Number of protein chains: 2
Amino acid sequence: MNSQDEIIYLDHAATTPVDPAVVEAMLPYFTEKWGNPSSIYSLGRDAGVALNAAREQVAGILGCSPSEVYFTSCGTESDNMAIRGVSLARRRQKGTRHIITSAIEHHAVLHTCESLAKYGDFDVTYVPVDQYGMVDPEAVRAAIRDDTAMISIMYANNEIGTIEPIREIAAIARERHIPFHTDAVQAGGSLPIKVDELGVDLLSLSAHKFYGPKGVGVLYMKRGVPFLPVQTGGGQERGKRAGTENVPYIVGLAKALTLAYEKAEAENARLAALRDRLIRDILASIPECQLTGHPTRRLPNSASFVFRYVEGESILLSLDMEGICASSGSACTSGSLDPSHVLLGIGLTHEVAHGSLRLTLGRSTTEESIDRVLAILPDIIKRLRAMSPLAPRALSQS
Amino acid sequence: MNSQDEIIYLDHAATTPVDPAVVEAMLPYFTEKWGNPSSIYSLGRDAGVALNAAREQVAGILGCSPSEVYFTSCGTESDNMAIRGVSLARRRQKGTRHIITSAIEHHAVLHTCESLAKYGDFDVTYVPVDQYGMVDPEAVRAAIRDDTAMISIMYANNEIGTIEPIREIAAIARERHIPFHTDAVQAGGSLPIKVDELGVDLLSLSAHKFYGPKGVGVLYMKRGVPFLPVQTGGGQERGKRAGTENVPYIVGLAKALTLAYEKAEAENARLAALRDRLIRDILASIPECQLTGHPTRRLPNSASFVFRYVEGESILLSLDMEGICASSGSACTSGSLDPSHVLLGIGLTHEVAHGSLRLTLGRSTTEESIDRVLAILPDIIKRLRAMSPLAPRALSQS
């Protein structure tokens, strides 16, 4: 590895470690209060009490009724449940078969829309974004048709950190009585999340993005939104999501979300300052480099770039050898050789999009972490460019 | 509570406590090796290595290739994924729109078939069962049509413990080139599970039935079975089940399944002996009582009964006051006032089906647990019957 012993983890958008306080909150539900919450005896009721308490805690943070909180197995399931469940119910109810989303959604949204188009006879409009990855609310308005079943636009982009104007889009959807879903998986734990203030009808969260475990998520669904169950079976989650409840993780999710929002204001300010220094110094010290995503309307922990004449994967491997964990975009698609649809969506060429790097900060990130990246990255880029037949000679000698 | 301090848990079919060795196996993946297995740096690769090892371990137990093992969020998801994914793919490929299942499946199978019938234009044949809950393989053969898309018959029934002749049914399905799925959620951890010996194409498991955590399952799917993804998004699980992998629980599932099959032979024999005594003595000491399910072809840990002139719920509450945890059937449907579809399926009347009691044994069950139930249950039944206007006077005085 590197000259230092400690790993510098700058991929908090991919996943986060589970907070030890969250692990502690979960542990009793494995071996002590391990009953099935549907059982009527005391052991089951104890688990049911924990489940209810977690639901109320999450509802408190979202500012909704506990009966509007549905626990799922991950953010991807929440997105699938929202889009499949609402689109199919609306089509059945109203005959509507049109979905509006953006070109830069997470694959959990995009592939679900594509699947509904391919196998479910839906029509999908992919609203484009500007060079910063911003969706124009007026473009959403213009895309609405009489047969629009639902709209799904993400709260913040996972690759480039851009925060979308979802309040404005929600207002447009409400005017037209069209259910509006937001994938808040990347925003959850840091951005404001009161569903009434956002004006959304459905909102997806995933615990492992805010120091909870991987394998549990939330779907907020406003009372009255048309919905057909996607996962059928027992009567759990008021008949809308079958399956024995994962009590330990649900307790963990509630704890993690609570801790995240207790710390959010101070932590957002701390991370934004580190992020700003990271962005400023990288842009200043590395030629032919560009920030991706919005310069100011972006997640407080997110810095993302493209470097010309280098491959993102090569940067990652070089950083890994120095003990720095980073990503070229979404972890869900790593291994794929296609350039990111998000980077193409903001208008980058295939060639430029290949040289992407995402650094996402978190609780373990310190001034020293940033110093270390700034000390190493310019040389890595220079060395990689020196090996590239495409890079102008001046870049590897600068 | 009762005169004793310790709870006697006789509802292992509803759920089991997590084995402390399983908790220990999971713990490092929360706070030490917590990377996203899709990430390419060392922290992610460590998680990926654990994921692969767990997959190989499960594949070893099932006797299949690791590439045929799909991790899901629960048994219900495995059943949904199998039935929705294969039915929809087969219809697309061959135009087939007929599903065969039994009348006594778990709701994860039944409600999924019903949902496909109601919203997906499928036709479902519910093969009846005999008085013991046995499916007749010849009835399955007779139900096959030219447009049969798939067959799903459970390995062992969760309410009455009957073990179905799935090898015979699988052979019939294979002859006709129809994919065969078995819901092995209740059988997993105790009955033989080599997929080649069973001859099944798809098989569902849920960890919390064999001392693993609630919230993780397996779907075995034979290579080449037509399948359309049900949960879409990132490329996890070879593109067939999107969502960041729940590494700790997957590691835990593999560990729990391994431990269960290491112990299965001895534990099955021990539990079957206790079960037989329980059944024999209850039938001998309580009048107007009947064993439900097959007398011999039943899960080694399962004893289930109906008592005339009493409500199952009242028995459960009385047992709970004595510190005994039991069930009237499936935990997934408790709270419902409808009698069990399984008990109606074996030909019981509504009235008789209401008086059901399921006692399912497990690792914590001892001779003393059984003694205690046998000492208490006859008096409980007698007392409840004394309060029932329907019970013949002789029964409450006997």
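**Close-up 1. Gly293(A) is a buried residue of this predicted model.** Around Gly293(A), 27 other C-beta atoms lie within 10 Å; because 20 or more are enough for a residue to count as buried, Gly293(A) qualifies. You will find this glycine in the loop that links β9 (289-291) to β10 (302-307) of chain A.

**Close-up 2. Gly293(A) has neighbours from other parts of the chain A sequence.** Leaving aside residues up to four places away in sequence, Gly293(A) touches Tyr132(A), Gly133(A), Asn157(A), Ile160(A), Gly161(A), Thr162(A), Arg298(A) and Ser304(A). Have a look at Ile346(A) too: Gly293(A) and Ile346(A) are 53 residues apart along the chain, yet 8.2 Å separates their C-alpha atoms.

**Close-up 3. Helices α4 and α5 of chain A pack against each other.** Here α4 (residues 75-94) and α5 (residues 107-120) meet at an angle of about 35°, and their axes are 9 Å apart. The crossing of α4(A) with α5(A) is right-handed. From α4(A), the contact draws on Gly75(A), Thr76(A), Asp79(A), Asn80(A), Ile83(A), Arg84(A) and Ser87(A); α5(A) supplies Ala108(A), Val109(A), Thr112(A), Cys113(A) and Leu116(A). Sorted by class, that makes five nonpolar, five polar and two charged residues.

**Close-up 4. Chains A and B are related as by a two-fold rotation axis.** Turning chain B by 180°, with 0.0 Å of shift along the axis, superposes chain B on chain A with an RMSD of 0.0 Å. The two copies are therefore related as by a two-fold axis. To find that axis from chain B, start at Ser73(B): its C-alpha is the nearest one in the chain, 3.0 Å from the axis. Both copies use the same surface, as 100% of the contact residues of chain B recur in chain A.

Methods:
Residues numbered from 1 in each chain as written. Chains lettered and ligands numbered in written order. Predicted model: local features only at pLDDT ≥ 70, side-chain atom pairs only at ≥ 80, totals over all residues. Axes fitted to C-alpha atoms, helices over the stretch in contact; angles between N-to-C directions. Helix = DSSP H or I, 4+ residues; strand = E, 2+ residues; numbered from the N terminus. Left-handed = near helix turned anticlockwise from the far one by under 90°. Contact = placed C-beta atoms within 7 Å. Nonpolar A, V, L, I, M, F, W, Y, C, P; charged D, E, K, R; others polar. Least-squares fit on C-alpha atoms with pLDDT ≥ 70 in both. Buried ≥ 20, exposed ≤ 12 C-beta atoms within 10 Å, placed from the backbone.
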